[in-house]
Amino acid sequence: VLEVDVEKKQVRLQAGARVREVVEHLRPYGLTLQNYASIREQQMGGFTQVGAHGTGAAIPPVDETVVEMKIITPRGGDGLRLSAESEPDMFKLAKCGVGAVGVVSELTIQCVDAHKLVEYTWTATPEEIEKKHEIWLREYQHIRYMWIPHTETVVVVASNPLKPGEREPRIRSGMAEKRRVEPLVRLLKEVAPNVDPANMNFGQLRDELLKVNPLDVEHVKRVNAAEAEFWKRSSGMRVDWSDQILGFDCGGQQHVLEVAFPVGDLERARSEAAPLRADLQFMRELREMIVKHQIPAHAPIEQRWTSGSSSPMSPAAGTPNSLHSWVGIIMYLPTEVQAERDAITNAFKAYGAKEFDELGDKYELRTHWAKIELETDPERLKKQREKIHQHYPVKEFNVARKMIDPHGLFTNPLIAGLFK
């Protein structure tokens, strides 16, 4: 961290600084980052370059908090400084430039006052989500849903800032940990009696359960049902600093495919009480697809929201009032046996391909830059490129890349393949 401007609430830092290090450096100044993704181990350069995000209908992806940046080019020298005032067009392209428009060396980030959040966790049915969705989306600054496939359970995690001077509410925790994990322990004793569940936490128990048969649909259904019971016993409330509340344990080794798609205009919905339903329609159809094709979908399917980013290269490109939903499907890799890991990988690729084949065009799905991989099948690669050109200003982006990096030193097979 190079400089903290308390008056402007900005921090200037080197791109290699990790999110958690920046947070701790800002703490004595009473400042923090506006939003966080699930983990805090990322370097700030990569964190912003891929358009990482947290959740909150009125909060944009983190690239939107970049006020100024310095990029190093093959031409050498001290690099280029970009901002909304200096080279604004290049700045917009570069702040979510997936590492292809120069090497980001410094960033100035807009911060907010450090604040505590009051977080509530509860479970709902899909029908309850349908009734309360718009209310909850506007009522809470941060909210995410964790849909448990093959069940009628949705975990809702929502939080709001503790107001200045407001007394912290009394924490209401759920059941004791032993009672919470009991459904998973009971199932593990049945399906893997030789495994000792003593001292295992929730994530470890889920891994051990999935390890028994990670691609058998009926087995995965039972594991997901046990997880749903765990969350029903985990309802409660807690209070902590925003960086502690918004980060969470993602579980064991896993494959994740996360997509973003536009779902409406938040201000219009507020003024006219118009429904914001594309996000729920998508989840309804995704869950139906999982059942129809008997996909061994691991839990959870996580759904989050952000407002738009002014960067045209962001998967959530749009106005500040635009609303975008982010949905991540998952499969865990609970085994070290390579053949089993390969089978899970192949099943996950088929799961993701089915999602795009059935829902991609209808909902204009854009893959999170940190999760995207180049298609290997020629027809799928052609379609992938077509969608990249449809959703992003590829011609303008390639001109900027060529100007900054005429010999392609910052190009790799993924970048070359996507932006051909």
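Cys111 is buried in this predicted model. Its relative accessible area is 4%. The sulfur of Cys111 lies 19 Å from the closest cysteine sulfur, that of Cys96, which is too far for a bond. A disulfide is a covalent bond between the sulfur atoms of two cysteines. Here the pair would have to come within 2.5 Å to count as one. Cys96 is likewise in no disulfide. Cys96 has 0% relative accessibility, so this residue also counts as buried. Across the whole structure, the search returns zero disulfides.

Aromatic contacts were examined next. The whole structure contains 15 aromatic pairs. Phe202 and Phe230 form one of them, with ring centres 4.1 Å apart. Their planes meet at 5°, so the pair is stacked; the cut-off for stacking is under 30 degrees. Phe202 belongs to helix H7 (residues 202-212), and Phe230 to helix H8 (residues 217-232). The pair therefore ties together parts that are 28 residues apart in sequence. Phe202 counts as buried, at 13% relative accessibility. Phe230 is buried too, with a relative accessible area of 2%.

Phe202 also pairs with Trp231. These ring centres are 5.9 Å apart and the planes stand at 75°, so the geometry is edge-to-face. Over 60 degrees is the threshold for that class. This pair again links distant parts of the chain, with Phe202 in helix H7 and Trp231 in helix H8, 29 residues apart. Both partners, Phe202 and Trp231, are buried. Elsewhere, ring pairs join Tyr120, Trp122, Trp136 and Tyr140 into a cluster.

Enclosed space was then surveyed. There are three cavities of 30 Å³ or more. The largest cavity holds about 110 Å³ of space. Its lining comprises 14 residues. Closest to the centre are Thr55, His142, Arg144, Ile245 and Leu246. Three elements each supply at least two lining residues: strand E9 (142-147), strand E10 (154-161) and helix H9 (242-246). By class, the lining of the largest cavity splits into seven nonpolar, four polar and three charged residues.

The second largest cavity has a volume of about 50 Å³. Its lining consists of Leu33, Gln34, Asn35, Met44, Phe47, Thr48, Val62, Thr65 and Ile109. Helix H2 (residues 44-49) contributes the most to this lining, with three residues. Five of the lining residues are nonpolar and four are polar. No charged residue lines the second largest cavity.

Among the pockets, the second largest has a volume of about 220 Å³. Two elements give two or more residues to its lining, helix H5 (177-180) and helix H6 (182-191). H6 gives the most, with four residues. The lining of this pocket includes Glu177, Lys178, Val181, Glu182, Val185, Arg186 and Lys189. Pro197, Ala198, Asn199, Met200 and Leu205 also line the pocket. In terms of chemical class, the lining of the second largest pocket has six nonpolar, one polar and five charged residues.

Definitions and conventions:
Residues are numbered from 1 along each chain as its sequence is written. This is a predicted model: local features need pLDDT of at least 70, side-chain atom pairs count only at pLDDT 80 or more; totals for chains, interfaces and linings use all residues. Side-chain values use heavy atoms; hydrogens and water are left out. On a 1 Å grid over the protein atoms alone, a cavity is a set of points where a 1.4 Å probe fits but cannot get out, and a pocket is an open set with protein on both sides within 12 Å along at least five of seven lines; lining residues have an atom within 4 Å of a point. Grid points are joined across faces, edges and corners, and a volume is the space filled by probe spheres set on the points. Ala, Val, Leu, Ile, Met, Phe, Trp, Tyr, Cys and Pro count as nonpolar, Asp, Glu, Lys and Arg as charged, and the others, Gly among them, as polar. Buried means under 20% relative accessible area, exposed over 50%, partly exposed in between (1.4 Å probe, protein chains only). Rings of Phe, Tyr and Trp (its six-membered ring) pair if their centres lie within 6.5 Å; planes under 30 degrees apart count as stacked, over 60 as edge-to-face and the rest as tilted.
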